[in-house]
Amino acid sequence: MRRWSGTAALVLLAANIPAIHAQRITLDPDAAEVAGLLRSRGVAGQAVAVLTQRRGPQVQSKLHAIADSLVAIAISYPGDDARGTRTRAAARGALVNAALGLGGGIPYAGGASRMVRIAVSSSSEAGGALWGISQLPNRGQALQHMEDLATSQHTIAWAAVELLSTSMGAPGLELLHRLYLQRAVTQPRAIEILNGVASYHGWSR
Amino acid sequence: MRRLRKDLRLSILVLATACLGGEMSSPKASEEAAPSIELVRCRGGDCLPIIIDWNPGIFGTGGSDPCEWGELRMNDSVPSEKGSSRGTQRRAGLRLSGQGAAECLPNVFVECQPFLLNFLQNTTCTLQSIPFAPEYPIVVQRWRFVGDYPDAIVTRPTSDWHWAGPVVLGGTVEVDFTMAGITNTVRAQIYVFRRDWTWATGIGGRDGLPGEVDDCFQPSANPPAGITVGMSCTDQFFTQLFTPAPQAAISDGSGYSAQSVPGSGPNSGIWYMQGVSATMQLRTQIHKEYRADGPTHPLVGDPVLVNHCTTAFNNANPRNMHAANTLCFYYAEFDSAVAVIWDHERRHMTTGLQYANASSGDLYKRWEPLVALSNLELQSKVRQEYQNTAILVANGMLTAHGTQTATFHFYRFISDSAKWLWGPSTYSR
């Protein structure tokens, strides 16, 4: 090999490299590029900057296409290994960070409904999406989505109750009190948690 | 074409001799990772790999531009998830057309050495011109780093030909420059090996000591017979699994520490996770009513029990449920019920640890790559992953619930009637 006389060897060696160079990070990625980056390297690149329009206005259809790609990957990218975890987390994290406007720009308005989709469909990323919903800058929207989830039969209904009690301040507790009085929470684990919250705060009905 | 082929082989030999001759920056890397080589074709600062086919005897580039240029690159390593070796790259420019360079502008590119980096390792990115042509002065306008995770950009307006500093995340280094009145941009990629963080060796669980997590049983008419919770749970945050708890208690200095990259290099000012201390220490416990240290109740109710206790203790003092069913008279089914409750909670603990030990439940793995442009933004991302992991593990623990139940008969003190009564109690296995 020292003389590099075998040309086939050169071709084979060259074939190892494109993975490094194939996916350059660009400032204005579209949905295909974001999905490609996530699938090839487990990173979301500049997806958040585009979704929050940090570098200028974007066409809404482009934003929704990127967000839908993030949802699809957060929910369905396979594997319980480090790569699968990292890729799903990067997709979910990008959507949540964009919906909250972390890092500046305009919070992505289409993020709330998409976070709900992740929260009810992904076992590994549900909590991060739920946290994102609880932190939405539009507090009314955040409370409405949390109420919908707390009164649902989804496996994260109990977690919605818990977050309402620990992370959403007085409005969260007021909402929980109302749900308690109305017996609106019906999932068994969520009822257990709500009863505990009621006991701590001395609610009765 | 013959001339080009000769140039290529010469360049390959030069590169191979340089790399194999011991000039690598890391001898360990050269021993462990085979060098790889590639040829790229460049246009306007962007270079794409060319698949080389020597066999037909003709090396065709497919282009007609006499000034089209390319590079031969030799890499001593490639990135891997857990790799720790350093990477260097040797590059040689060449005319793909095989024509002389006199009538062409020089090839300008940016090179970062090393480009495969350990966390916080220094890299130096340098703008290069081959051949150096003083008749075409180059003016650097701006350096920019575009991060690949999650969103970081660092810009440095400067005329320097170098940009150096420690890095914590990979991405694209770009240089805007003008040459012969034309503005152009060239780019290079850098890669940072992630730190191999895991919390698997630090998490754990055990049976709780009496009083350790008793506050986490919320008072109610029908309290749970047992619980599995984090050691930091309280009467207010009675479901918390991690320490510190709750999620709102997580901040720089509480559960993790953050730092920003010093200096003025490609990652300067980016906040990263410096250290982690959050943990998960689970505790299983049965409700105090079932324990020997449980609360006592007046000896009123079923005359059989009253008689047993009065005989055993020679008085009619109040007794707790444990004493009523084991000391006044031994009822084996009470002990069986207690054993079933402990088994049930220990299964929750075992399952919780399994989930927390999996890649997706490993909080440190989720935290390790987080970066942000401010400490507050980083905190939000940290809390997001904390909450995600906590719910993932908690939902995993709930899968330990079986569908079977077991029913046992023993004496219980019924609060509503304020009496001891004999009867069945049913538990999930």
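The buried residues of helix H3 in chain A are covered by several neighbours, which include helix H4 (47-51), helix H5 (60-76) and helix H6 (82-100) of chain A. This is read from a predicted model. The helix in question, H3(A), spans residues 31-41, and its buried residues are Ala31(A), Glu33(A), Val34(A), Ala35(A), Leu37(A), Leu38(A) and Arg41(A). An α-helix has 3.6 residues a turn, so residues three or four places apart point the same way. Just after H3(A) comes Gly42(A), whose phi is positive, at about 70°.

One of the covering helices, H5(A), also packs against helix H7 (residues 111-121) of chain A, and the axes of H5(A) and H7(A) lie 10 Å apart at an angle of about 10°. Angles under 35 degrees count as roughly parallel, and H5(A) and H7(A) are therefore roughly parallel to each other. On the H5(A) side of this packing stand Ala67(A), Val71(A), Ala74(A) and Ile75(A), which meet Gly111(A), Arg114(A), Arg117(A), Ile118(A) and Ser121(A) in H7(A). Sorted by class, the contact of H5(A) with H7(A) consists of five nonpolar, two polar and two charged residues.

Chain B can be described next, beginning with its secondary structure, which comes to seven helices and 22 strands. Of its 429 residues, 41% count as buried. Where contacts in chain B link residues at least 6 apart in sequence, 66% of them join residues at least 24 apart.

Two sheets of chain B are set side by side in the table.

| Strand order (chain B) | Number of strands | Pairing |
|---|---|---|
| E6-E12-E11-E8-E9 | Five strands, open sheet | mixed |
| E5-E7-E10 | Three strands, open sheet | antiparallel |

Strands of a sheet pair through backbone hydrogen bonds, either parallel or antiparallel. In the five-stranded sheet of chain B, the edges are strand E6 (116-117) and strand E9 (153-156), each of which pairs on one side only. E6(B) is joined by two bridges to strand E12 (residues 182-192) of chain B, and these two strands run parallel. Within this pairing, Leu117(B) stands opposite Val192(B) in E12(B).

In the three-stranded sheet of chain B, strand E5 (107-113) and strand E10 stand at the edges with a single partner strand each, so one side of each is left without a neighbour in the sheet. From one strand to the next in this sheet, the twist averages 15°. Strand E7 (residues 122-130) of chain B is connected to E10(B) by five bridges, and the two run antiparallel. One residue pair shows this link in detail, since the bridge partner of Cys125(B) is Trp163(B) in E10(B).

The division of chain B into domains brings some of these strands up again. Domain 1 covers residues 2-192 of chain B, and domain 2 covers residues 204-428. The contact between them takes 15 residues from domain 1 and 13 residues from domain 2 of chain B. On the side of domain 1 that touches domain 2, E9 and strand E10 (162-166) of chain B each supply at least two residues. Which strand gives the largest share of that side of domain 1? The largest share, four residues, comes from E10(B). By class, the residues on this side of domain 1 of chain B divide into 13 nonpolar, one polar and one charged. E10(B) thus appears in two settings, as an edge strand of the three-stranded sheet and as a part of the side of domain 1 that touches domain 2.

Terms used. Residues are numbered from 1 along each chain as its sequence is written. Chains are lettered from A and ligands numbered from 1 in the order in which they are written. This is a predicted model: local features need pLDDT of at least 70, side-chain atom pairs count only at pLDDT 80 or more; totals for chains, interfaces and linings use all residues. Two strands pair if DSSP finds at least two bridges between them. A residue is buried if 20 or more other C-beta atoms lie within 10 Å of its own, exposed if 12 or fewer, and partly exposed in between; C-beta atoms are placed from the backbone. Two residues are in contact if their C-beta atoms, placed from the backbone, lie within 7 Å. Domain bounds come from an automatic or database domain assignment. Ala, Val, Leu, Ile, Met, Phe, Trp, Tyr, Cys and Pro count as nonpolar, Asp, Glu, Lys and Arg as charged, and the others, Gly among them, as polar. Axes are lines fitted to C-alpha atoms, for helices over the stretch in contact, and angles run from 0 to 180 degrees between N-to-C directions. Angles under 35 degrees count as roughly parallel, over 145 as roughly antiparallel, 65 to 115 as roughly perpendicular and the rest as oblique.
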